[in-house]
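Here is a short report on one protein model. Please look at the structure below before reading on.

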Amino acid sequence: MENSILRLFPSDSRALWQSVAKEQACIQEIRLRTGKPVIIHRKEREIFLTDQGEFSGNPARAHLTTDRELSRMLEHICHYSPYAFAEELRQGFITVAGGHRVGVAGQAVMEADGRVRTFKNISYVNIRVSHQVKGAADTVLPDMYRDGELRSALIISPPGCGKTTLLRDLIRQISDGNAYGPGMSVGVVDERSELAGSFQGKAQNDMGMRTDVLDGCPKEIGMLLLLRAMSPRVIAIDELGSEGELRALGQAAACGCRILATVHGEDRRDVEQRFGREAAFWERLFDLFLVLGKHSRGCAPERL
């Protein structure tokens with residue numbers, strides 16, 4: 001995925017983004033807003049991009065995004081055929097080669113039933129740069145197994161603590177096999193294309209040799225589809241968020257699957273209160289709870 005950021009922009013405008021491409025490994029987000037400075041989120045620090053393609057801490061020196069730049073970039077990303085990406089645009093984002101996710105905002109066009117049909121007059125773009133950190137799960141991997149058997153785990157984390165990065169690497173290592181257990185077939189429901197970063201149905205991130213990915217499908221539906229069609233031994237989802245998803249996880253567990261899931265929250269109590277379920281319910285689904293907390297040196301797992 002080296003320099004894959006450059007491919008997001010038309011060839012005649014790539015000179016502006018050379019510095020960004022060189023720092024791709026350190027960049028989390030690129031924020032483009034019509035008439036506003038280009039903002040780069042780099043290692044949890046906000047910096048600006050100048051007209052010369054250099055980094056600056058001064059917003060007065062920043063390059064201002066134009067309507068034409070945004071329009072041309074989006075046309076380029078959609079391969080000049082926006083209708084081919086209509087379903088993704090309906091969800092407010094497009095996943096591109098390299099696994100990067102391009103979120104959009106502007107004027108929503110609504111269906112008669114209240115659903116979003118598409119977006120027009122797009123004036124705001126957020127490029128979330130995909131990063132695969134191989135080895136991110138190394139420190140928690142010993143806890144994932146007991147006597148050679150994989151344990152079901154729930155990763156609890158506030159936003160920005162790396163729960164998706166951790167889950168992605170757990171999937172890879174469990175799928176390929178590791179020092180603590182043999183490789184297992186893993187079914188991943190990647191509703192927002194954030195785990196595998198799939199592009200045209202193919203995972204852009206290394207998800208392991210025994211992993212099957214269902215991309216762009218609602219998690220509640222996707223888990224049941226994978227159970228019927230792919231016979232996974234492990235089911236993995238990112239950002240558990242609804243009662244329907246909880247029920248589908250319960251069905252997967254009842255079929256003998258191990259479960260890997262993440263959820264937004266500060267700790268177990270926060271999650272229990274938000275879903276209105278007591279501790280005993282969660283302990284029937286999961287053997288292990290990993291809480292990613294914000295520490296002075298970033299995020300670190302707190303095993304419960």
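What follows covers one strand with its neighbours, then one pocket.

This is a predicted model.

**The strand β13**

Strand β13 spans residues 234–237. Val234 and Ala236 point one way from the strand. Ile235 and Ile237 point the other way. All of these residues are buried, which means under 20% relative accessible area.

β13 pairs with two strands, listed here.

| Partner of β13 | Residues | Sense | Bridges | Residue in β13 and its partner |
|---|---|---|---|---|
| β11 | 186–190 | parallel | 4 bridges | Ile237 with Val189 |
| β14 | 258–264 | parallel | 4 bridges | Ile235 with Ile259 |

How does the chain get from β13 to β14? The path runs through helix α6, residues 243–254. This β-α-β crossover is right-handed.

Ile235 and Ile237 thus appear twice in this account. Both point to one side of β13 and are buried. Ile237 is the bridge partner of Val189, and Ile235 stands opposite Ile259 in β14.

**The second largest pocket**

Now turn to the pocket. The second largest pocket holds about 440 Å³ of space. It is lined by 21 residues. Closest to its centre are Pro82, Leu89, Phe119, Lys120 and Ile122.

Which elements each supply at least two residues of this lining? They are α2 (67–77), α3 (86–90) and β7 (116–128). β7 gives the most, with 7 residues.

The lining of the second largest pocket has mixed chemistry: 11 residues are nonpolar, 5 are polar and 5 are charged.

Technical notes: Residues numbered from 1 in each chain as written. Predicted model: local features only at pLDDT ≥ 70, side-chain atom pairs only at ≥ 80, totals over all residues. Heavy atoms only, no water. Buried < 20%, exposed > 50% of the residue type's maximum accessible area, 1.4 Å probe, protein only. Pairing = 2+ DSSP bridges. Right-handed = clockwise from strand over helix to strand, strands pointing away. 1 Å grid on protein atoms, 1.4 Å probe; cavity = no way out; pocket = protein on both sides within 12 Å on 5 of 7 lines; lining within 4 Å. Points joined across faces, edges and corners; volume = space filled by probe spheres on them. Nonpolar A, V, L, I, M, F, W, Y, C, P; charged D, E, K, R; others polar.
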